[in-house]
Amino acid sequence: MNDHLLSLIVAAPALAALVVMFLPDGARQAIRWVSLLGASVSLLGSIYALATYDSARAGLQRVEDYPIVPSMGVHLRLAQDGWGGPLLLLTGVIIFAGVLASWTVSKRDKEYFVLLLVLVSGVLGVFVSQDLLIFFLFYEVAVLPMYLLIGIWGASHAVPAKGPFQAAWKAFAVGDKQYAAMKLTLMLLVGSAAIMAAIFVLYLQAGATSFDLAHLAATSYDRDTQIIVFPLIWLGFGTLAGVFPFHTWSPDGHASAPTAVSMLHAGVLMKLGAFGVMRVGMVLLPEGTHFWVPVVGAVAAVNILYGALCAMSQTDLKYIVAYSSVSHMGVVMLGAATLTPAGWDGAVFQMVAHGIMTGLFFALVGIVYERAHTRAIAKMGGFATVMPGVAVFFTLACLSSLGLPGTAGFVSEFVVFLAAWRSGHLIWTIAGVLGAFITAIYVLRATRAIFWGPGPSDDFHELSDARRTEWGALIILGTSLVALGVWPRLLLDPIDVGTLTHLARLVPGVVR
Amino acid sequence: MTRPIVLALVGLFAPAAAALLLAVAPALRRRGTPAAALTILGSVASFGAALLLLADRLHGGPAALATVPWLRSGDSVIAEIGVCADGVSASMLVVVTLVALCVQVFSLGYMHDEQPPSFGRYFTYHALFLFSMNVLVLAPNLLQLFGGWELVGVTSYLLIGFYFRKPSAARAAVKAFWVTKFADMGLLFGLFVLFAATGSFRWDAHLAPAVATAVTLLFFLAVVGKSAQFPLHVWLPDAMEGPTPVSALLHAATMVAAGVFLIVRANPLFEQSETTRNVMLIVGAGTALFAACLALVQSDIKKVLAYSTCSQLGYMVAALGAGSMMGGFFHLTTHAFFKALLFLAAGSAIHAVHSNEIDDMGGLAKRMPWTGAAFVIGALALAGIPGFSGFFSKDLVLEAVEHRLGHVPWIALLGTAFLTAFYMGRVVVVAFFGAPSGEKAAHAHEAGWSMRGPLVVLAALSLLGGAFTAPFARLHGEPYALHLGVGPVLAAALALGGFALAYRVYGADRRAAPAVLEGLSKVARSRAVNRFYEFGFHRVALVVSSGLAWTDRYLVDGLINMIGYETLEGGRRARPLQTGLAPDYVLAVVLGVVGLAAWAVAQ
């Protein structure tokens with residue numbers, strides 16, 4: 001079966017971007033509707049792709065193969081495995097909601113939507129690429145527009161210079177949006193350099209004939225190579241997944257980024273990192289993985305607990321959500337580190353669950369910020385009186401974040417922690433569960449500080465509930481959270497199919 | 001699908017349908033009255049189904065179980081969801097839906113002054129609560145029970161914080177959630193240990209002794225949180241910030257009893273660990289006595305009832321610790337009726353005088369005969385006066401506990417029975433008899449039938465609930481015969497003595513506490529347990545957190561900034577090498593050539 005659906009899903013946002021580029025500057029509505037159309041094609045296409053994936057047959061489906069540089073064995077090779085559908089769907093949902101949430105962007109809106117759509121094409125491409133070089137190219141396409149999106153449309157704030165390294169503060173204007181954009185880009189590029197080195201090692205050792213992931217996976221690399229290359233991939237991709245201590249681009253980046261960019265970045269881009277670690281690092285390098293996995297798991301446990309503790313004393317709303325992402329991405333890595341079917345299922349499910357949850361969070365933060373003109377939660381209070389709808393969705397995001405049964409967050413956290421406990425990693429599990437408890441503390445504190453209490457003070461004149469397109473974004477994200485929490489098998493079953501194919505290389509006992 | 005399964009599903013989904021409809025149709029919710037109608041309709045359907053289910057069970061119908069796989073991984077099913085319709089769930093379902101229905105009807109009158117949107121929000125929460133509670137009650141395994149457990153926690157949070165504009169209510173809601181969530185980690189880890197040992201979440205597994213003790217102790221931690229046992233009882237008195245009908249339903253009759261229900265449900269597991277049972281016995285009896293002492297010195301009528309709830313939950317826990325599932329579960333049932341009754345009657349009084357303080361009431365029985373009679377019946381049932389429902393259940397508890405751990409828990413519970421009668425006597429005497437303390441109390445009048453009706457129903461159940469003892473025992477396959485030994489006589493005598501003493505101390509319009517209670521009052525005001533947690537949160541957790549946040553900002557990120565900075569500096573330092581003068585470059589070339597030549601020669 002070849003319906004070129006994957007090409008369509010990946011290309012639709014980029015094509016929309018191309019159309020938007022040729023629209024006149026003033027065509028506000030046209031720019032938005034074309035963008036939304038591009039996003040809708042990807043969203044609907046991903047739903048169709050997920051629904052028609054043949055779980056019984058498993059493996060790669062809808063394979064499309066176009067030779068790019070035949071002499072080097074570079075092919076644009078797209079295919080959907082068990083993980084592809086759910087991750088495409090996540091991206092589709094987030095970009096659709098993201099475009100809706102960006103409806104009110106007024107500064108250079110054309111360029112904004114173009115960059116946003118190009119970025120999403122990159123993300124979608126990564127999830128279905130079966131050629132490592134193309135995978136990497138898509139990855140870079142997804143990462144680089146961030147620099148401009150944050151640098152131009154972002155927001156700045158001051159961070160006082162303290163501590164032993166304050167010399168650097170004066171040189172960099174820490175807290176500035178250009179600083180945040182620069183730090184994010186440089187850190188991720190250092191990671192990319194490590195990934196690229198790793199890719200070439202694998203390519204050469206596999207005979208320098210093909211970048212096909214299946215070909216690379218069928219090669220057995222010698223143990224020493226694996227042990228050296230795995231950390232390059234883990235930390236290279238891991239930087240984007242917010243792996244401690246290379247997560248520090250994330251709080252500043254998310255705090256400075258405009259609403260939809262935060263949504264996409266925390267919602268899907270960070271998942272690319274974790275996806276890269278699992279899909280490339282772990283699947284291609286079984287021995288390296290087994291060697292390093294105690295470290296990967298321990299760092300993931302640190303991520304969960306450390307991120308949650310850092311979030312607890314933040315006073316800026318965006319920083320709270322950003323640190324909570326650092327914490328929740330730890331759950332993904334923890335699941336991956338268990339090397340069990342349940343752990344991997346949970347990890348991939350958490351990518352989706354956290355993506356939607358944090359997308360919802362950032363959409364809400366954007367709404368609040370736009371009306372309150374501050375992100376300092378200490379100044380807020382009583383907003384539920386004037387923005388009840390926003391309060392409801394914020395509470396919902398909080399509940400998923402703290403892992404309430406009936407929301408998507410519970411499924412992934414429960415499955416991951418259960419897998420970790422069952423495979424004997426008691427300390428990791430305890431750290432993880434404690435992290436989830438601390439999450440309950442800081443999210444409910446934030447909710448109380450922002451929305452509860454006597455009505456808003458006189459400093460806030462422009463508070464109002466969500467508006468039309470904003471409702472669209474909130475409803476689609478909120479509904480997804482609940483739907484996945486109530487019936488997780490919508491995604492868990494296909495994810496499991498992918499997990500078993502991929503994990504079979506690492507753990508020979510795992511067979512369908 | 002068999003009949004019991006259909007009934008259980010109706011019981012489960014009727015309130016769910018109401019909640020869902022109200023959630024997706026804001027227009028309906030904001031109009032208020034339709035929301036109330038829908039919610040009550042859902043509860044009626046749920047209650048009807050529950051009654052039919054119970055009737056089936058009483059006539060010896062088979063227990064039924066229906067599940068679907070909910071989580072699958074690899075080739076194994078991790079967890080299922082569904083419904084389990086057996087004696088335990090059927091009787092609990094009747095209690096929950098009946099009390100919920102009474103409370104919702106009562107709320108029609110009690111919450112009448114709310115704006116329509118907030119009236120609608122209130123009933124939406126109620127529908128959501130009933131659904132969550134039914135998820136818990138009908139759970140076919142412990143994982144689904146955990147799901148319902150967490151969901152009722154959230155609805156409790158929402159309902160305690162119903163008056164969210166009031167800072168104290170907002171604080172109380174969050175506190176309740178944190179404390180119970182902390183305890184819930186025990187349930188979560190218990191599930192992990194259970195699953196690691198058996199590969200399922202069934203409650204009838206056979207475990208190695210050490211594993212059984214670990215699992216049940218972890219479960220019991222969650223029970224301590226949910227059922228407000230010492231030392232995690234601190235959230236329950238604060239939870240009285242919620243509307244009074246909410247206190248009646250969630251924080252007296254049903255949700256707080258979920259902890260006890262968990263023990264009843266997982267009784268096959270708890271049976272396997274004598275250690276856990278002894279811990280339960282000690283914690284339960286200790287809490288019963290401790291909370292009863294604190295109830296003696298509360299001036300807020302709801303706080304008295306809240307501590308009394310802690311105390312009675314202690315009875316149930318102690319009974320289960322002594323191995324009497326019947327005693328614990330039946331006391332849960334009768335307590336649900338008379339405590340809900342007490343709260344609703346208190347609500348009716350509060351509604352009339354606009355104050356929670358018993359000192360602001362006085363003489364209400366004369367002006368509000370229905371409410372007064374209801375409260376007195378509730379108080380007599382709670383104190384365990386012979387003939388009232390509480391007598392029968394308390395008797396079962398005391399009988400079970402009597403010979404355990406050298407009679408100590410038994411004596412503690414007997415003492416509690418005396419204190420219970422005393423503090424209830426005090427409230428009755430001060431609030432409902434004597435002279436009114438002010439204008440409001442003097443002009444108090446009975447509310448409409450929506451508030452009186454539920455009082456009548458619950459009063460009847462509190463009065464006659466003892467008649468259910470034998471069927472209840474039959475339902476759970478335990479022998480039951482009322483016997484008059486020294487225990488029941490002693491308990492009844494102590495209860496009557498408590499009332500008599502209360503009348504002596506507080507009768508004839510004496511409102512001040514006797515000097516004996518001054519010390520206790522001081523202890524209660526010191527909030528020692530609360531202060532311990534506050535210290536832990538502010539001085540430990542928040543300090544660690546801000547230390548880490550500082551570290552992250554200025555050390556971890558600082559180091560990364562420093563690397564960037566030093567790279568720039570390095571470049572700046574290297575810049576003088578690029579002089580732009582030709583002789584310098586020629587010199588460099590010459591040096592390079594000489595160096596290479598030297599190296600070549602050396603080779």
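In this predicted model, strands S1(B) and S2(B), the latter covering residues 76-85 of chain B, pair in the antiparallel sense over 9 bridges. The two strands form a hairpin with 2 residues between them. Within the turn, Gly74(B) has a positive phi of about 60 degrees. Across the pair, Leu71(B) stands opposite Ala79(B) of S2(B).

**The contact between chains A and B**

Strand S1 (64-73) is also among the elements of chain B that each supply at least two residues to the side touching chain A. The others are helix H6 (142-160), helix H7 (167-198) and helix H25 (528-574) of chain B. H25(B) gives the most to this side, with 19 residues. Altogether, the contact takes 45 residues from chain B and 52 residues from chain A. By class, the side of chain B that touches chain A has 30 nonpolar, 9 polar and 6 charged residues.

**The nonpolar core**

The largest nonpolar core has 434 residues. Ala340(B), Leu341(B) and Leu413(B) are the residues with the most contacts inside this core. The largest share of the core comes from helix H15 (residues 341-372) of chain A, which contributes 19 residues.

Neighbours within four places in sequence being left aside, Ala340(B) is in contact with Val99(B), Cys102(B) and Val103(B). Its contacts on the same basis also include Ala248(B), Leu249(B), Ala252(B) and Ala253(B), as well as Leu458(B).

**Two helices of chain A**

The lengths of two helices can be checked against the rise of 1.5 Å a residue.

| Helix | Residues | Expected span | C-alpha end-to-end distance |
|---|---|---|---|
| H8(A) | 29 residues (177-205) | 42 Å | 42 Å |
| H18(A) | 26 residues (426-451) | 38 Å | 37 Å |

For H8(A), the distance between the end C-alpha atoms agrees with the expected span. The distance for H18(A) likewise agrees with its expected span. Of the 26 residues of H18(A), 20 are buried, so this helix is largely enclosed by the rest of the structure.

A glycine with positive phi is found just after each helix. Gly207(A), just after H8(A), takes a value of about 100 degrees, and Gly453(A), just after H18(A), takes a value of about 95 degrees.

**Backbone exceptions in loops**

Most residues other than glycine have a negative phi, and most peptide bonds are trans. Several loop positions depart from these patterns.

In chain A, Ala173(A) has a positive phi of about 55 degrees although it is not a glycine. Ala173(A) is found in the loop between helix H7 (167-172) and H8 of chain A. This alanine is partly exposed, because 15 other C-beta atoms lie within 10 Å, whereas a buried residue would need 20 or more. The peptide bond from Phe244(A) to Pro245(A) is cis, with omega near 0 degrees. Pro245(A) has its place in the loop between helix H10 (223-240) and helix H11 (249-256) of chain A.

In chain B, Ala228(B) has a positive phi near 50 degrees and is likewise a residue other than glycine. Ala228(B) lies in the loop between H8 and H9 of chain B. With 30 other C-beta atoms within 10 Å, Ala228(B) is buried. A cis peptide bond, with omega about 5 degrees, joins Phe230(B) and Pro231(B). Pro231(B) is placed in the loop between helix H8 (209-226) and helix H9 (235-238) of chain B. The loop between H8 and H9 of chain B thus holds both Ala228(B) and Pro231(B).

Note on methods. Residues numbered from 1 in each chain as written. Chains lettered and ligands numbered in written order. Predicted model: local features only at pLDDT ≥ 70, side-chain atom pairs only at ≥ 80, totals over all residues. Contact = placed C-beta atoms within 7 Å. Helix = DSSP H or I, 4+ residues; strand = E, 2+ residues; numbered from the N terminus. Nonpolar A, V, L, I, M, F, W, Y, C, P; charged D, E, K, R; others polar. Expected span 1.5 Å × (residues − 1). Core = buried A, V, L, I, M, F, W, Y, C linked by C-beta atoms within 7 Å. Buried ≥ 20, exposed ≤ 12 C-beta atoms within 10 Å, placed from the backbone. Pairing = 2+ DSSP bridges.
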